[in-house]
Amino acid sequence: MRECTCECAYERANVKVGEFDRLLCSRGYLVSAPSVFRAGLKGVVSVTIFNPVKETKVQVQLVTKGVVVAHGQGSVFDKETVTLKVPPGVSGQAHLKVWGNRYLTDDGYIFHNFTTVTIDSKGSSVFIQTDKPVYKPKQKVLINVFTVTPDLRPTNQKVEAYIV
């Protein structure tokens with residue numbers, strides 16, 4: 001996520017802030033998320049609440065073209081992760097929205113933030129391995145070709161390769 005801001009429930013409600021409440025308002029949060037999510041896989045967003053007083057209900061959404069394509073939620077006291085299952089077939093730019101305790105009546109810390117992320121529908125990767133790091137002219141080159149899914153599990157996908 002980009003810059004995160006602190007928003008205190010007392011300040012939002014225009015309630016006079018006492019010394020103890022002022023200390024509570026000095027709290028903050030950190031949301032850490034990948035800039036690229038993979039379609040068909042789980043994505044993990046890490047949320048940390050600094051100086052928590054109560055548990056905070058956190059919700060995370062991935063939104064593309066105004067439609068929520070993935071949603072996750074959890075309760076955070078200190079630090080926790082929230083998992084999103086990104087559906088297959090989704091790709092392109094998306095808004096990652098994260099908020100905690102949407103309503104003033106909820107206990108805990110209130111915050112909200114969003115950033116733009118990419119959803120990649122890449123299906124597999126190809127790794128090519130050779131038997132030596134350097135070859136001399138006219139030496140025989142031995143290679144192994146591995147195809148793997150985005151979560152690095154082997155796949156039996158056929159690959160057409162041209163050696164030039």
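Two strands pair if DSSP finds at least two bridges between them. Helices (H or I, at least four residues) and strands (E, at least two) are DSSP runs, numbered from the N terminus. The model is predicted: local features need pLDDT of at least 70, side-chain atom pairs count only at pLDDT 80 or more, and totals for chains, interfaces and linings use all residues. Residues are numbered from 1 along each chain as its sequence is written, and side-chain values use heavy atoms, with hydrogens and water left out.

**Exercise 1. Describe the sheet that contains β1: give its strand order and its edges.**

Step 1. The sheet is open and has three strands, in the order β1-β3-β6. Their pairing is antiparallel.

Step 2. The edges are β1 (28–32) and β6 (79–85). Each has a single partner strand, so one side of each is left without a neighbour in the sheet.

Step 3. From one strand to the next, the twist averages 20°. Axes are lines fitted to C-alpha atoms, for helices over the stretch in contact, and angles run from 0 to 180 degrees between N-to-C directions.

Step 4. Look at one pairing. Five bridges join β1 to strand β3 (residues 42–50), in the antiparallel sense. S32 has S46 in β3 as its bridge partner.

**Exercise 2. Place T48 and list what it touches.**

Step 1. T48 belongs to strand β3.

Step 2. Its relative accessible area is 16%, so T48 is buried. Buried means under 20% relative accessible area, exposed over 50%, partly exposed in between (1.4 Å probe, protein chains only).

Step 3. Contact means heavy atoms within 4.5 Å. Residues up to four places away in sequence are not counted; T48 then touches G28, Y29, L30, D78 and K79.

**Exercise 3. Describe the sheet that contains β8: give its strand order and three of its pairings.**

Step 1. Five strands make an open sheet, ordered β2-β8-β7-β4-β5, with mixed pairing.

Step 2. Here β2 and β5 are the edges, each with a single partner strand, so one side of each is left without a neighbour in the sheet. The twist averages 30° from one strand to the next.

Step 3. Take the parallel pairing. Strand β2 (residues 36–38) meets β8 over three bridges. V36 is opposite T118 in β8.

Step 4. Take the antiparallel pairings. Strand β7 (residues 92–100) is joined to β8 by nine bridges. V98 has N113 in β8 as its bridge partner. β4 and β7 are antiparallel too, over six bridges. V63 is opposite H95 in β7.

Step 5. Recall the general rule. Strands of a sheet pair through backbone hydrogen bonds, either parallel or antiparallel.

**Exercise 4. How many aromatic pairs does a search of the whole structure find, and which residues form them?**

Step 1. Apply the cut-offs. Rings of Phe, Tyr and Trp (its six-membered ring) pair if their centres lie within 6.5 Å; planes under 30 degrees apart count as stacked, over 60 as edge-to-face and the rest as tilted.

Step 2. The search finds one pair. Y29 and F111 form it: 4.2 Å centre to centre, 25° between the planes, stacked.

Step 3. Locate the partners. Y29 lies in strand β1 and F111 in strand β8 (residues 111–120), so the pair ties together parts that are 82 residues apart in sequence.

Step 4. Check burial. Y29 is buried at 6% relative accessible area. F111 is buried as well, at 2%.

Step 5. Set F111 in its strand. The covered face of β8 holds F111, N113, T115, V117 and I119. The uncovered face holds H112, F114, T116, T118 and D120.

**Exercise 5. Which residues of the largest nonpolar core touch the most other members?**

Step 1. A nonpolar core is a set of buried Ala, Val, Leu, Ile, Met, Phe, Trp, Tyr and Cys residues joined through side-chain atoms within 4.5 Å.

Step 2. The largest core has 22 residues; F37, L62 and L96 touch the most other members.

Step 3. Elements giving two or more residues to this core are β1, β3, β4, β5 (67–76), β6, β7 and β8.

Step 4. Follow F37. Beyond its neighbours within four places in sequence, its contacts include V44, L62, L84, L96, V117 and I119.

**Exercise 6. Is V53 buried or partly exposed?**

Step 1. V53 sits in the loop between β3 and β4 (56–64).

Step 2. Its relative accessibility is 43%, so V53 counts as partly exposed.

Step 3. V53 and F77 are 24 residues apart along the chain, and 7.8 Å separates their C-alpha atoms.
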